[in-house]
Amino acid sequence: MTTLDIPQSLSTPGVSFDPATRRLCITGESYPENSFEFYAPVTGWLQEYLTGQNELLLDINVSYMNSSSTKCMLDLLDLLEEAHSKGSGISIDWRYDPENPRSRDLAEEFQEEVTLPFSIIACEE
């Protein structure tokens, strides 16, 4: 399995995978010029990973996401939901800043889209 490590920029989140913990982290803000191009390697990596593994924790801490990034995130959640429906141990931890109510709203909107375990966690300073 190839590793995944995409550095964070001003408009793109950092994306990394820790094979020891089976944790895929997405952190930062997401408003790339071309969201579909940015998320394509993440989607491809996730499709490959889910064919050979049965456990994954998606750990998200994204404070802002534009509409095209939202679509890409929904596509990722669809892949996870499908794997979960086949018995894979998939879960999501979505972290948010308590001083940014929009980030919690965003998490709740995504939570409504899936049936897999989905925790919304306030970040502590």
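Which residues does L46 touch, not counting residues up to four places away in sequence? Select L46 and you will find L24, L56, L76, L79 and L80 in contact with it, where contact means heavy atoms within 4.5 Å. The model on screen is predicted, with local features needing pLDDT of at least 70, side-chain atom pairs counting only at pLDDT 80 or more, and totals for chains, interfaces and linings using all residues. Residues are numbered from 1 along each chain as its sequence is written, and side-chain values use heavy atoms, with hydrogens and water left out.

Widen the selection next to the largest nonpolar core, which has 34 residues, and in which L24, L46 and L80 have the most contacts. Such a core is a set of buried Ala, Val, Leu, Ile, Met, Phe, Trp, Tyr and Cys residues joined through side-chain atoms within 4.5 Å, buried meaning under 20% relative accessible area with a 1.4 Å probe, protein chains only. At least two core residues come from each of β2 (14-18), β3 (23-30), α1 (35-52), β4 (55-65), α2 (67-85), β5 (89-96) and α3 (101-111).

Colour by secondary structure to see three helices and six strands, in the order β-β-β-α-β-α-β-α-β along the sequence; these are DSSP runs numbered from the N terminus, helices being H or I of at least four residues and strands E of at least two.

Now go to N66, in the loop between β4 and α2, which counts as buried because its relative accessibility is 16%. Leaving aside residues up to four places away in sequence, N66 touches S30, Y31, P32 and S35.

Finally, show the whole chain, where buried residues make up 39% of the 125 residues.

Definitions and conventions. Buried < 20%, exposed > 50% of the residue type's maximum accessible area, 1.4 Å probe, protein only.
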